[in-house]
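These are my notebook entries on a structure that I had not examined before. I set down what I looked up, entry by entry.

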Amino acid sequence: MSEPEEERGQHGDVEGRSGGTGRLLAEVRDAVSIRTFLLIIGVLLLQLGFILSYVGAFHDPSPHRLPVRVVGPQGAAERMADRLDDLPDRPLRAGAARSESAARTELTEGRTAAVFVLRPAEQRDRLLVATAGGSAKAGAIEEALRQVQASRQRGLAVEDVVPVQEGDSRGLTGFYLVVGWTVGGYLVASLLGVSRGARPANPGRAVIRLVSVLVYAIVSGVGGAAVVGPLLGALTGHLLELWWLGALLVLAAATVTMAFQVLFGVLGIGLTVLLFVVLGNPSAGGAYAPELLPGFWRAISAALPNGAGTEAVRNIVYFGAHGITVDVLVIAAYALGGAVVALIGAVVRGRRASETPVGGDAVRPS
């Protein structure tokens, strides 16, 4: 082969390889659009956020200011409360109670986590706990007090005043019930958005979606309460209360999802997962009470529907429904706020659509 022919052959090979690379890149661009690529990045961030949030919350639980009431002879209870309050790393928040019966009432109403009863005339003092409020929390208090008792060379007798129901292993049923309700709420809203467009076309469509999720919330609320109650016997005796709490939780998750979809389209589903799954579940107080979690998760627990719902279920089932008002108001605020944002967004979208003719030139209605 002559030198010019060899050069042309080499040039053709280069062009062939270049053309093949170009075609491959074109195929990649056609198969994975910029929008899809950005969605994949979003999924990756959610995945890493999930790992960071769950491991960050659960990898090193430690008690922080767990409430304890101290009962004993006048003066002795105050001195012991001060001692417990000043333990290294401040695991307990102790205060003296005027009587054992008053302290027991606080414990059975969920207003304190334990009662420490001093018995100077005996060899052992008593610790009253409520494992229904969280077995890990009760265990952390017992461990701290056993160390104190060891330094005092005294024993400790532990009594579980508010145990979990027989079918509620480790008191986790309420947490899993709340997870199921919130998952159902954001999934039904997401499916409505995917099937008919993430953003409702007009206010009428938004109202129809809200009514649909309301009906779904009522049905799923009673369904969840029936499963954990009459069907499985895990949380018995509170079907009606759990029904309406569940309906409110499902509605909150659904309307918040709708609001995110109206504001951000399909990306709103990712924000919903971030709120309810990545942040909400590990901070809800399921495996570990909020007082045992690191500061960030402890701070957001009561402010999210997951944490408010888990606490409300426990208080309804085990503590006579005392102290659920704030939790219910938090959940209701999410439900109402999501519905309002979804409706306002639909109204704005409807007006913009009516002002823009098919040709694309905006025409202000007279």
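**Entry 1: aromatic pairs**

I began with the aromatic rings of this predicted model, and the count came to 8 aromatic pairs. I then looked up F58 and Y288, which form a tilted pair with 5.9 Å from centre to centre and 50° between the planes. I noted where the two partners sit: F58 belongs to helix α2, whereas Y288 is in the loop between α9 (267–280) and α10 (295–300), so the pair ties together parts of the chain that are 230 residues apart in sequence.

I checked the accessibility of both partners. F58 has a relative accessibility of 27% and therefore counts as partly exposed. Y288 has a relative accessible area of 26%, which means that Y288 is partly exposed.

I turned next to W243 and W244, which form a stacked aromatic pair, with centres 4.8 Å apart and 10° between the planes. W243 is partly exposed because its relative accessibility is 22%. W244, with a relative accessible area of 45%, is partly exposed.

Which residues do ring pairs link into a cluster? I found F50, Y54, F58 and Y288 in it.

**Entry 2: a nonpolar patch**

I looked on the surface for nonpolar side chains. A nonpolar patch is formed there by I34, F37, L38, I41, L44, L45, L48, F50, I51 and V55. Together these residues have about 950 Å² of accessible area. I followed up one of them, F37, and placed F37 in helix α2, which covers residues 34–58. F37 counts as partly exposed because its relative accessibility is 46%, and the class ends at 50%. I also noted that F50, a member of this patch, belongs to the ring cluster of the previous entry.

**Entry 3: salt bridges**

I moved on to charged side chains, and here the count came to 11 salt bridges. I looked up R65 first, which forms a salt bridge with D85, the closest N and O atoms being 3.3 Å apart. R65 lies in the loop between α2 and β1 (66–71) and D85 in helix α3, so I recorded a link between distant parts of the chain, 20 residues apart. Are R65 and D85 buried or exposed? I found R65 buried, and D85 likewise.

My second bridge was that of R69 with E106, where the closest N and O atoms are 3.2 Å apart. This pair also links distant parts of the chain: R69 is in strand β1, E106 is in helix α4 (residues 100–108), and 37 residues separate them. At 23% relative accessibility, R69 counts as partly exposed. E106 has a relative accessible area of 14% and is therefore buried.

I then took the bridge between E159 and R126, whose closest N and O atoms are 2.6 Å apart. E159 is in strand β5 and R126 in strand β4 (residues 124–129), so the bridge ties together parts that are 33 residues apart in sequence. I read 31% for the relative accessibility of E159, which counts as partly exposed. Which network do salt bridges with shared partners make? I listed E100, R104, R119, R126 and E159, joined into one network.

**Entry 4: the largest pocket**

I looked up the space in the largest pocket and noted about 540 Å³. Its lining is made of 27 residues, and G110, K137, E291, E311 and N315 are those that lie nearest the centre. The elements that give two or more residues to this lining are α11 (305–318) and α12 (325–355). Which element gives the largest share of the lining? I found that α11 does, with 4 residues.

**Entry 5: positive phi values**

I closed with backbone angles in residues other than glycine. D89 has a positive phi, near 70°, and lies in the loop between α3 (76–85) and β2 (92–96). D89 counts as exposed because its relative accessibility is 72%. Q153 has a positive phi as well, near 60°, and is found in the loop between α5 (135–152) and β5 (155–160). With 76% relative accessibility, Q153 counts as exposed.

Note on methods. Residues numbered from 1 in each chain as written. Predicted model: local features only at pLDDT ≥ 70, side-chain atom pairs only at ≥ 80, totals over all residues. Heavy atoms only, no water. Patch = residues over 30% accessible without salt bridge, like charges linked within 9 Å, V, L, I, M, F, W, Y side chains within 5 Å. Areas by Shrake-Rupley, 256 points an atom, 1.4 Å probe, with all protein chains shown as cover. Salt bridge = Lys/Arg side-chain N within 4 Å of Asp/Glu carboxyl O. Buried < 20%, exposed > 50% of the residue type's maximum accessible area, 1.4 Å probe, protein only. Phe/Tyr/Trp six-rings, centres within 6.5 Å; stacked < 30°, edge-to-face > 60°. 1 Å grid on protein atoms, 1.4 Å probe; cavity = no way out; pocket = protein on both sides within 12 Å on 5 of 7 lines; lining within 4 Å. Points joined across faces, edges and corners; volume = space filled by probe spheres on them.
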